[in-house]
Amino acid sequence: MQNMLEQLLIHQPKDPIPFMIDHLQRDNDYVPKIVILGPPASGKTTIAMWLAKHLSTNLLSVESLIAKEYSPLAADARMHYQKFKMVPDMLLIRLMQERLKEEDCVRRGWILDGIPETREQALTIQTLGISPRHVIVLSAPDTVLIERNLGKRIDPQTGEIYHTTFDWPPESEIQNRLMVPAGIFEGETARKLLEYHRNIVRILPSYPKILKVISADQPCVDVFYQALTYVQTSHRSNAPFTPRVLLCGPVGSGKSLQAALLAQKYGLINVCCGQLLKEAVADKSKYSDLIQPFFEKEIAVPDNIIMKVLKQRLDQQDCVERGWVLHGFPRDLDQAHLMDNLGYKPNRVFFLNVPFDSVIERLSLRRTDPITGERYHLMYKPPPTIEVQARLLQNPKDSEEQIKLKMDLFYRNSAELEQFYGDAITLNGDQDPYTVFEYIESGIINRLPKKVP
């Protein structure tokens with residue numbers, strides 16, 4: 001969606017509807033769009049080729065663009081290159097435009113190797129709406145680059161780059177056909193490095209938020225994996241994002257604490273379904289008379305009544321503007337469908353898994369002082385004196401039998417819920433609550449991971 005809005009602003013079509021339909025039909029918002037820059041002998045072509053193979057995308061360089069067959073533009077570029085050893089900026093950019101419109105680039109994305117070469121090219125490319133998602137710049141000391149360049153060899157059949165010291169092919173057949181590339185003498189390399197340094201400092205400001213500099217003065221495999229890790233990350237959008245978080249888990253899994261932490265840090269509205277029902281009765285709301293009989297009989301409130309109370313809360317302005325974190329509902333697939341059909345769709349769902357023994361330890365040892373109302377835990381927060389301990393009471397809901405019934409009920413329905421919320425993230429809730437919070441926070445801030453088939 002963000003990419004489509006960017007393209008609308010750049011192209012400003014007279015009729016935006018067909019433009020948006022065409023963009024959505026392409027379904028290519030997440031294909032690779034990568035620029036790799038670097039000085040001579042930094043290994044950028046090798047890294048670009050490895051990335052292209054790994055990501056199954058298209059590698060575009062000046063050489064590949066001008067070598068294109070059945071293209072009048074490429075033919076003009078070849079003639080110009082043969083005469084002047086360079087291609088004019090506008091001709092190169094028109095060649096790029098022509099290539100990027102082809103089906104394989106639209107569907108599988110692209111990697112630009114060594115393009116743009118100047119700030120003027122970078123600005124023109126941006127003006128035409130060619131926007132990379134990741135820009136990688138390789139860097140190494142000039143002395144290292146000159147030494148590397150002198151040992152560079154190229155396979156004329158495949159275009160693969162080798163080196164007499166660092167990357168010599170084991171096959172004798174390949175060794176015998178390797179050639180010394182033109183222009184790798186020390187003086188020529190120094191001239192190219194000077195030209196590169198003069199241009200790169202003017203190019204970098206064009207890509208302030210999508211740029212990563214990687215040291216090329218390390219093994220090529222290490223450079224590749226750093227580059228691969230970077231291009232597989234997604235940049236956080238500057239567009240407004242309103243979290244609608246759903247926390248699922250058995251009784252005692254820590255949902256209430258995590259919801260409170262999220263509400264405190266991010267200003268979300270903490271929506272506890274059970275608490276909403278109690279407040280509706282206490283406040284004598286219009287749903288009070290409907291809910292009260294079920295409370296008195298200690299039986300479950302029907303889904304349609306719960307949903308009316310929940311809808312009323314989620315429709316309030318603070319929930320709409322600031323987002324919400326919901327827990328205690330839905331508990332089964334029917335409730336999830338009911339919520340979904342009414343348009344309340346969480347954009348982050350977390351399942352907190354906690355073993356039965358840990359839940360028993362957390363809940364069955366809870367006690368309340370009937371005089372002061374103070375709450376204690378016999379293991380984590382013991383009473384201060386024997387006198388206080390003697391009068392503590394246990395809530396019947398905290399008995400081992402009641403806990404087991406509630407856990408059995410949750411896990412009986414959890415598989416269907418997890419399947420319904422296909423993008424749900426499952427976490428180990430049996431650890432320090434602030435560690436759990438960090439995982440939840442990461443899941444909210446970052447883009448949802450793609451499911452591996």
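Reader: Is the crossing in which α9 passes α11 left-handed or right-handed?
Author: This is a predicted model, in which local features need pLDDT (the predictor's confidence in each residue, from 0 to 100) of at least 70, side-chain atom pairs count only at pLDDT 80 or more, and totals for chains, interfaces and linings use all residues. Residues are numbered from 1 along each chain as its sequence is written, and side-chain values use heavy atoms, with hydrogens and water left out. Helices (H or I, at least four residues) and strands (E, at least two) are DSSP runs numbered from the N terminus. A crossing is left-handed if the near helix is turned anticlockwise from the far one by less than a right angle, and right-handed if clockwise; that of α9 past α11 is right-handed.

Reader: Which term describes how α9 lies to α11?
Author: Helix α9 (residues 142-150) packs against helix α11 (residues 186-203) with axes 10 Å apart, at an angle of about 135 degrees, where axes are lines fitted to C-alpha atoms, for helices over the stretch in contact, and angles run from 0 to 180 degrees between N-to-C directions. Angles under 35 degrees count as roughly parallel, over 145 as roughly antiparallel, 65 to 115 as roughly perpendicular and the rest as oblique. The relation of α9 to α11 is therefore oblique.

Reader: How many charged residues are in the contact of α9 with α11?
Author: Contact means heavy atoms within 4.5 Å, and here Asp142, Leu145, Ile146, Asn149 and Leu150 of α9 meet Glu186, Thr189, Leu193 and His197 of α11. Ala, Val, Leu, Ile, Met, Phe, Trp, Tyr, Cys and Pro count as nonpolar, Asp, Glu, Lys and Arg as charged, and the others, Gly among them, as polar. The contact of α9 with α11 thus has four nonpolar residues and three polar ones, while the number of charged residues is two.

Reader: How many nonpolar residues are in the contact of α14 with α15?
Author: The axes of helix α14 (residues 273-282) and helix α15 (residues 288-297) cross at roughly 115 degrees and come within 8 Å, which means that α14 is roughly perpendicular to α15. Their crossing is left-handed, and the contact involves Leu277, Lys278, Ala280 and Val281 of α14 with Ser288, Ile291, Gln292 and Phe295 of α15. By class, two of these are polar and one is charged, and the nonpolar residues number five.

Reader: Which strands stand at the edges of the sheet that holds β2 and β7?
Author: The sheet is open, with five strands in the order β2-β3-β1-β4-β7 and parallel pairing, two strands being paired if DSSP finds at least two bridges between them. Because each edge strand has a single partner, one side of it is left without a neighbour in the sheet, and the strands so placed are β2 (58-61) and β7 (211-215).

Reader: Which residue of β10 is the bridge partner of Arg244?
Author: A second open sheet of five strands, with parallel pairing, follows the order β9-β10-β8-β11-β14. Within it, strand β8 (residues 244-248) pairs with strand β10 (residues 324-327) in the parallel sense over four bridges. The partner of Arg244 in β10 is Trp324.

Reader: Over which residues does pLDDT stay under 50?
Author: The mean pLDDT of the protein is 86, and 91% of its residues reach 70 or more. The model has four contacts beyond four places in sequence for the stretch where pLDDT stays under 50, namely residues 449-453.
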